[in-house]
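Welcome! Please take a moment to look over the sequence and the model below, and then read on for a short tour.

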Amino acid sequence: LALGGHWVPDDEEIKGNESEDIVEHHRKTHLHVYNDVQALDLRAGGKHGWRVVEPNAPWPSRDDCAGLAMQDGSALIFGGGTLYGGGGYLRDVWRLPGVAAAYNL
């Protein structure tokens, strides 16, 4: 189960390699965050690849979050942020009940 994330253009280039250069680059870069849910069927060895099971989940878009598939078939998502390189931290927990049955996971 994968939750949210961010997009980085293929041609992104950071000028310099010092930590200050990287921080400045992150401050100037728009971070595209998502609130989709994707699944990878490990029972099939992942051969079918990742698939989007929820393109627009009810929680706010975020990056660097944690997710968990529960034994009862629900999914939990918590934490994450909205700023590239860290920051804009979301201090929340969301539960999506019945996700395993709804998406045949």
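A nonpolar core is a set of buried Ala, Val, Leu, Ile, Met, Phe, Trp, Tyr and Cys residues joined through side-chain atoms within 4.5 Å. Buried means under 20% relative accessible area, exposed means over 50%, and partly exposed lies in between (1.4 Å probe, protein chains only). The largest such core here has 10 residues: Val37, Ala39, Val53, Ala57, Trp59, Ala75, Ile77, Leu96, Val99 and Tyr103. Strand E2 (32–39) and strand E5 (75–78) are the elements that give two or more residues to this core.

This is a predicted model, in which local features need pLDDT of at least 70 and side-chain atom pairs count only at pLDDT 80 or more, while totals for chains, interfaces and linings use all residues. Residues are numbered from 1 along each chain as its sequence is written, and side-chain values use heavy atoms, with hydrogens and water left out.

Now for the overall layout. The protein has two helices and six strands, in the order β-α-β-β-β-β-β-α along the sequence. Helices (H or I, at least four residues) and strands (E, at least two) are DSSP runs, numbered from the N terminus. Of the 105 residues, 26% are buried. Among contacts (heavy atoms within 4.5 Å) with a separation of 6 or more, 51% join residues 24 or more positions apart.

One member of the core, Tyr103, is in contact with Arg51, Val53 and Glu54, leaving aside neighbours within four places in sequence.

Three loop residues can be set side by side:

| Residue | Loop | Relative accessible area |
|---|---|---|
| Ser74 | between E4 (66–69) and E5 | 2%, buried |
| Met70 | between E4 and E5 | 34%, partly exposed |
| Asp64 | between E3 (51–54) and E4 | 59%, exposed |

What does the side chain of Ser74 make a polar contact with? Its partner is the side chain of Arg95, at 3.5 Å; a polar contact is a pair of N or O atoms within 3.5 Å, where within protein one must be able to donate a hydrogen and the other to accept it, and residues adjacent in sequence count only if both atoms are side-chain atoms. Not counting residues up to four places away in sequence, Ser74 touches several residues, including Leu68, Leu96 and Val99.

Asp64 has a phi near 55°, a positive value in a residue other than glycine. Most residues other than glycine have a negative phi.
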